[in-house]
Every structure is written in C-alpha cells, then in structure tokens.
Amino acid sequence: MCRSIKTLRPPVLPEEATEDDIHAAALQYVRKVSGFRAPAAHNREVFDRAVAAVAQATAELLDGLEVRGQSARGQSAQSAG
C-alpha cells in the first residue's frame with residue numbers, strides 16, 4: 001500500500017473528506033500502480049481517466065460506509081439534527 005494515502009473516513013479524519021482529499025488519494029494510488037509519477041504525454045489521457053475513476057469509486061465508498069451506525073460522510077450533519 002502507498003504510505004502517502006491517508007484514511008479518509010471518520011473517526012480517523014475528523015471532518016468529511018473533501019474532493020481535494022479524494023483526488024489526492026486517487027492520484028497517489030494511480031501513481032503507485034502505474035509506476036509513473038508524471039506520465040508521458042501519450043499516457044496522460046488514460047492516467048487522468050484512471051485518477052477520475054478511482055476518485056469516483058472512493059467517493060462512492062465513503063458515501064456508503066457506516067461508522068458505528070452512521071454514514072461516514074455527513075456524520076456530523078446527522079448528529080446535529
């Protein structure tokens with residue numbers, strides 16, 4: 001596992017993960033898997049599509065997770081109401 005990818009769910013991350021947090025984790029993952037920090041021009045499109053797909057899958061995962069009976073994203077909003 002890439003050590004620079006941080007856990008994005010509560011309680012590890014006290015606030016909701018932002019789009020920037022999710023994109024950064026997806027970028028680190030794709031870099032690790034592909035072995036490229038910055039892809040060559042002829043690989044840029046597929047690299048960027050992979051980052052977008054991983055970011056989307058990550059957002060869906062975080063949206064669907066339950067942490068102690070509450071959804072991981074929006075946990076504080078549910079607690080307030």
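User: What share of the contacts with a separation of 6 or more comes from residues 24 or more positions apart?
Analyst: In this predicted model, such pairs make up 48% of those contacts in the protein chain.

User: OK, and how many helices and strands are there?
Analyst: The protein chain has three helices and two strands. Along the sequence they come in the pattern α-α-β-β-α.

User: Which residues touch the most other members of the largest nonpolar core?
Analyst: That core has 13 residues, and Leu-8, Ala-17, Ile-22, Phe-47, Val-51 and Leu-62 touch the most other members.

User: Which helices each supply at least two residues of it?
Analyst: Helix α1 does, and so does helix α2, which covers residues 44-64.

User: Switching to Arg-31. Where does it lie?
Analyst: Arg-31 is part of helix α1, which spans residues 19-34.

User: What does Arg-31 touch, leaving out residues up to four places away in sequence?
Analyst: Its contacts are Phe-36, Arg-37 and Phe-47. Of these, Phe-47 came up above among the core residues that touch the most other members.

User: Val-51 was in that core list too. What separates the C-alpha atoms of Arg-31 and Val-51?
Analyst: The C-alpha separation is 8.9 Å, for two residues 20 apart along the chain.

User: Back to the whole chain. How much of it counts as buried?
Analyst: The buried share is 28% of the 81 residues.

User: And what does the accessible surface come to?
Analyst: About 5700 Å² for the protein chain, with 52% of that belonging to carbon and sulfur atoms.

How values were computed. Residues numbered from 1 in each chain as written. Predicted model: local features only at pLDDT ≥ 70, side-chain atom pairs only at ≥ 80, totals over all residues. Heavy atoms only, no water. Helix = DSSP H or I, 4+ residues; strand = E, 2+ residues; numbered from the N terminus. Buried < 20%, exposed > 50% of the residue type's maximum accessible area, 1.4 Å probe, protein only. Contact = heavy atoms within 4.5 Å. Areas by Shrake-Rupley, 256 points an atom, 1.4 Å probe, with all protein chains shown as cover. Core = buried A, V, L, I, M, F, W, Y, C linked by side-chain atoms within 4.5 Å.
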